[in-house]
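Please find below a colleague's note on the model under review. The points are meant to be read beside the sequence and the coordinates.

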Amino acid sequence: KYPMKQHIPNTITLLNLVSGIVAIIFAMQGKLAWAAYMVILASVFDFADGMIARLLHVKTEMGKQLDSLSDVVSFGVAPAIIMYQLYLQVHPFQLNRFGINGIALLFPMCYACFAAYRLAKFNLDTRQTTSFIGLPTPAAAFVLISLPFFNTLQDYTYFIAIYNAVIMALCYLMVSSIPLFSLKFNNLKPKDNFIRYMLLVVSIVLLIILKIKAIPFIVLTYILLSIVEQKINKNK
């Protein structure tokens, strides 16, 4: 019933899950940079399992569900715990002093819930085979895991307000109806992939200049280019 080659992409998917679990362990130990790198590693496995499944022609419903369950951990729970630990590391005294420990926990929990909802919605939405509707969870996760690499704001009030605003914006974008182009190339012709090549070039430049801190700006560029592409297609 289940040929051996079917287990290859599923094994890669489970490596995604393992990477997410290790990211959570690192985050709980306060090693937020290592936790972030493990989330990035999880995304590599998340990309590879789908590619291998297509190459082997073994895409299954079980693989689809297993992929989403793994993504909930790697791109939902792990980034949420990273953010919570970031809040505690930056100003634990202020958190306790103002009695907002619960609030600091509430926003990361909210992100994890929206990520899970996004993944369940994606599994049921047949429109998202060649493009996305709403921000994919890995992209949202990348934004969150990049935040510990920024210099901590001195004023704690602004710090928590800005980061919570980022979390809520990501929650909205994940379940929104904003159409976003897929990053998959059907061919390498510049005419058919102009927007993708533009994103690739901008991403490389930003990564060279800002390194991992470039991620929020890359995701923002991705959203803006998707909006531009939609307007161009409507005018054709």
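The numbered points go from the chain as a whole to single helices and residues.

1. The model is predicted, and that should be kept in mind in every point below. The chain has 9 helices and 2 strands, and read from the N terminus the elements follow the order α-α-α-α-α-β-α-α-β-α-α.

2. On burial and surface, 44% of the 236 residues of the chain count as buried. The accessible surface comes to about 13100 Å², and 71% of that area belongs to carbon and sulfur atoms. As for contacts, among those between residues at least 6 apart in sequence, 74% join residues at least 24 apart.

3. In soluble globular proteins, nonpolar side chains tend to be buried together. The largest nonpolar core of this model holds 51 residues, and within that core Val-39, Met-83, Tyr-111 and Leu-135 touch the most other members. Helix 3 (residues 61-90) supplies the largest share of the core, with 9 residues.

4. Leu-135 deserves inspection in the viewer, since its contacts can be listed residue by residue. Leaving out residues up to four places away in sequence, Leu-135 touches Arg-118, Ala-140, Leu-170, Leu-173, Met-174, Leu-180, Val-219, Tyr-222 and Ile-223. Of these partners, Ala-140 is one of the buried residues of helix 6, while Val-219, Tyr-222 and Ile-223 are among the buried residues of helix 9.

5. Arg-118, which is touched by Leu-135, lies in helix 5 (residues 101-124). Is this arginine buried or exposed? With a relative accessible area of 4%, Arg-118 is buried, and its side chain reaches the backbone oxygen of Met-174 at 3.4 Å. Met-174 is itself in the list of residues that Leu-135 touches, so that both Arg-118 and Met-174 may be viewed together with Leu-135 under the contact cut-off of 4.5 Å.

6. A second polar side chain to check is that of Gln-85, which is found in helix 3. Gln-85 counts as buried at 11% relative accessibility, and its side chain reaches the backbone oxygen of Ala-27 at 3.3 Å. Apart from residues up to four places away in sequence, Gln-85 touches Ala-27, Met-28, Gly-30 and Leu-32.

7. How many disulfides does the model contain? The count comes to 0, and the pair to look at is Cys-110 and Cys-171. The sulfur of Cys-110 has its closest cysteine sulfur in Cys-171, at 4.2 Å, which is too far for a bond, because a disulfide requires the two sulfur atoms to be within 2.5 Å. Seen from the other side, the closest cysteine sulfur to that of Cys-171 is in Cys-110. Cys-171 is buried, with a relative accessible area of 1%.

8. Helix 6 (residues 137-146) is mostly covered, with 9 of its 10 residues buried. The buried residues are Thr-137, Pro-138, Ala-139, Ala-140, Ala-141, Val-143, Leu-144, Ile-145 and Ser-146. Val-166, placed in helix 7 (residues 156-175), is in contact with Val-143, Leu-144 and Leu-147 once its neighbours within four places in sequence are left aside. The C-alpha atoms of Val-166 and Leu-144 are separated by 8.2 Å, although the two residues are 22 apart along the chain. Val-166 counts as partly exposed, at 22% relative accessibility.

9. The geometry of helix 9 (residues 215-235) can be checked against its length. At 1.5 Å a residue, its 21 residues should span 30 Å, and the end C-alpha atoms are 30 Å apart, which agrees. Buried in this helix are Ile-215, Pro-216, Ile-218, Val-219, Thr-221, Tyr-222, Ile-223, Leu-225, Ser-226 and Glu-229. An α-helix has 3.6 residues a turn, so residues three or four places apart point the same way.

10. Two backbone angles call for a closer look. His-57 has a phi near 60°, a positive value in a residue other than glycine, and is found in the loop between helix 2 (32-56) and helix 3. Lys-211 likewise has a phi near 60°, again positive in a residue other than glycine, and is found in the loop between helix 8 (194-210) and helix 9. Are these residues buried or exposed? His-57 counts as exposed at 70% relative accessibility, and Lys-211 counts as exposed at 60%.

Notes
Residues numbered from 1 in each chain as written. Predicted model: local features only at pLDDT ≥ 70, side-chain atom pairs only at ≥ 80, totals over all residues. Heavy atoms only, no water. Buried < 20%, exposed > 50% of the residue type's maximum accessible area, 1.4 Å probe, protein only. Core = buried A, V, L, I, M, F, W, Y, C linked by side-chain atoms within 4.5 Å. Helix = DSSP H or I, 4+ residues; strand = E, 2+ residues; numbered from the N terminus. Expected span 1.5 Å × (residues − 1). Polar contact = N/O pair within 3.5 Å; in protein donor to acceptor, adjacent residues only side chain to side chain. Areas by Shrake-Rupley, 256 points an atom, 1.4 Å probe, with all protein chains shown as cover.
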